[in-house]
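Thanks for coming, everyone. Let me put the structure up on the screen, and then I'll walk you through it piece by piece.

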Amino acid sequence: MAQYSHPLALIAEITHRCPLHCVYCSNPLELTSRQDELATADWLRVFGEAAALGVLHLHLTGGEPLARPDLVELIGGARQSRLYTNLITSGIGLSRERLAQLVDAGLDHIQLSFQDSRESDANWIAGARAHAHKLELAKWIREHRIAFTVNLVVHRQNIEHLEEMIAVLEALHPDRMEIAHAQYYGWALRNRSALLPTRAQLDHAVAVVAAAEERLRGKVRIDSVIPDYHARFPKACMGGWGRQLLLVDPAGRVLPCHAAGVIPGMRFDNVREHTLDWIWQNSEAFQKFRGEAWMPQPCRSCDRRQEDFGGCRCQAFLLTGDASATDPVCELAPLHNLIEDAVREDAVTDSAPEVLEAPFHVLQEKMAGLWSYRTGPK
Amino acid sequence: MTRGIVAELVDTSVPKFAAGCRWGGTSEAPVVLFPEGAIRVEGTGRIILELCDGHFSLAEIVQKLAAQFILAPKGKIRADVLTFLEQLHAKRIIDY
């Protein structure tokens, strides 16, 4: 049996519960319910196994990881296993006191998401009153010596505010700013027609980010992710299937990426039954698209196959119905017309409707014609 | 912590790891960990970074290296240390 180089990062989706309802959420539509979540001891064992496997970074995400009452214990255990621990959060559920506990437990890095620069728009996109708390939380974060990233998901409903958003986030004194265009999986794919920007909007956004990078050099590190629908070639999704990362979902299933659960016929092994090391080396799901044997043409003979690994398997399945197809984002893909059609059809500008201060179910009903808010596990 | 101005590295500067950056890996194969990344450091790089613990100024770090590498001209050592630390500063790994 071939030995594969070890993974560098573990993405731990510790819960799918979330108080926000972001329309661009890339979580699967089928979410894991609370009673199926792994217990504290299971996670601590998984962190130890990950470190032994050579993993350096742990990304605690969800859902909203703060929904787990044992988060302090999980971070403490991760730190004890010598993992670099990053909390990816909306901040909802984080008081000043609990933040201090997380830092004391060994948290290295916190990544706080923002939906827009304007409170009403941000709350509209999140389907929750969250924006004001995030601004307050940012101040508390800077009271600690941990790395602070602000994260902004960009799409058609906020892209016109990008310059203003960067200014608002800059004022929070982050070390790092992640400007990521929505990726069309899960809820975001369902809402694509409301989220995909036009080419003109994208070009403007790229120029805005370039100017900010120049201005903030040496002060804030900016990492930006271009929407692949507008790129010529696909992204090297997860650095290649089963090459650098593994993801454990709330129920303990181990996946090569966030979305792999959508691919039919895949069997994911569970940390309740196997060690991470065994899964990394042997799991059918990890073997499936490793290397080049699975590649169709034009990937198989393409000079870029070592750079982008044929793109994203999940996107290939979601858009073409065949997980082994060339990612249709690629301009060389036989089915690239699917992307061209989507960009043409979906990318029509409209304006955000007036939103009243309303309970979630009212907002949900009111917006049903535009998008579906992410809802929690059953 | 200086914010808003790209700090200049001078002899009295005290280089140290930025918030959220630290050592990791094993003692045989140490790495510097930072948000979303890690770098393996060996040889002189490792010696320099081990001196970036907040106790030594740039001049002191250069002095210590000059004592260790007696054949290298001190001016060159200083220039190399400066370039190395400035690169890590641009990546937000080292503050001074």
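**A walk through the sheet and its surroundings**

Let's start with one pair of residues: Ala12(A) stands opposite Val248(A) in strand S8(A). Before I go on, please keep in mind that this is a predicted model.

So where does that pair sit? Ala12(A) belongs to strand S1(A), and S1(A) pairs with S8, residues 245-248 of chain A, in the parallel sense over four bridges. S1 itself covers residues 9-13 of chain A, and five of its five residues are buried. Now, which residues of S1(A) lie on one side, and which on the other? On one side you have Ala9(A), Ile11(A) and Glu13(A), on the other Leu10(A) and Ala12(A), and they are all buried, so both faces of the strand are covered.

S1(A) also has another partner. Five bridges join S1(A) to strand S2, residues 57-61 of chain A, and these two run parallel. If you want one pair to look for there, Ala9(A) has His57(A) as its bridge partner in S2(A). To get from S1(A) to S2(A), the chain goes through helix H1, residues 40-52 of chain A, and this β-α-β crossover is right-handed.

Let's zoom out to the sheet. What is the order of the strands? It goes S7-S6-S5-S4-S3-S2-S1-S8-S9 in chain A, which makes an open sheet of nine strands with mixed pairing. The edge strands, each pairing on one side only, are S7 (221-225) and S9 (254-255) of chain A. As a reminder, strands of a sheet pair through backbone hydrogen bonds, either parallel or antiparallel. For an antiparallel example, take S8(A) and S9(A), which are joined over two bridges. Here Leu247(A) finds its bridge partner, Leu255(A), in S9(A).

Now for chain A as a whole. Its secondary structure comes to 15 helices and nine strands. Along the principal axes, the C-alpha trace spans about 55 × 50 × 45 Å. A compact globule with 378 residues would have a radius of gyration near 21 Å, and chain A has 20 Å, which agrees. Of those 378 residues, 48% count as buried. And if you take the contacts in chain A with a separation of 6 or more, 74% are between residues 24 or more positions apart.

What about the inside? The largest nonpolar core has 129 residues, and Leu10(A), Tyr24(A), Leu58(A) and Ala188(A) are those with the most contacts inside it. Strand S5 of chain A, residues 147-154, gives this core its largest share, six residues. Let's pick out Leu58(A). Leaving aside residues up to four places away in sequence, Leu58(A) touches residues including Leu10(A), Ala12(A), Phe47(A) and Ala50(A). You'll recognise Leu10(A) and Ala12(A), which share one side of S1(A).

Next, two residues to compare. Is Asn123(A) buried or exposed? It's buried, because 20 other C-beta atoms lie within 10 Å. You'll find Asn123(A) in helix H4, residues 119-126 of chain A. Not counting residues up to four places away in sequence, Asn123(A) touches Ala128(A), Arg129(A), Ala130(A) and His131(A). The C-alpha atoms of Asn123(A) and His21(A) are separated by 9.6 Å, with their positions 102 residues apart along the chain.

Then there's Asp303(A), in the loop between helix H11 (284-288) and helix H12 (305-308) of chain A. Asp303(A) counts as exposed, because it has 6 C-beta neighbours inside 10 Å. Asp303(A) and Asp121(A) are 182 residues apart along the chain, and their C-alpha atoms are separated by 44 Å.

Last stop, chain B. How many residues of chain A are in contact with chain B? There are 16, and they meet 16 residues of chain B. On the chain A side, strands S3 (84-89) and S5 each supply at least two residues. That side divides into four nonpolar, five polar and seven charged residues.

Within chain B, have a look at strands S3, residues 30-34, and S4, residues 37-40, which pair in the antiparallel sense over four bridges. Val32(B) stands opposite Ile39(B) in S4(B). The two strands form a hairpin with two residues between them, and Glu36(B) in the turn has a positive phi of about 65°.

That's my tour, so over to you.

Note on methods. Residues are numbered from 1 along each chain as its sequence is written. Chains are lettered from A and ligands numbered from 1 in the order in which they are written. This is a predicted model: local features need pLDDT of at least 70, side-chain atom pairs count only at pLDDT 80 or more; totals for chains, interfaces and linings use all residues. A nonpolar core is a set of buried Ala, Val, Leu, Ile, Met, Phe, Trp, Tyr and Cys residues joined through C-beta atoms within 7 Å. A residue is buried if 20 or more other C-beta atoms lie within 10 Å of its own, exposed if 12 or fewer, and partly exposed in between; C-beta atoms are placed from the backbone. Two residues are in contact if their C-beta atoms, placed from the backbone, lie within 7 Å. Ala, Val, Leu, Ile, Met, Phe, Trp, Tyr, Cys and Pro count as nonpolar, Asp, Glu, Lys and Arg as charged, and the others, Gly among them, as polar. Two strands pair if DSSP finds at least two bridges between them. A crossover is right-handed if, with the strands pointing away from the viewer, the path from the first strand over the helix to the second runs clockwise. The radius of gyration is taken over C-alpha atoms; the globule rule is 2.2 Å times the number of residues to the power 0.38.
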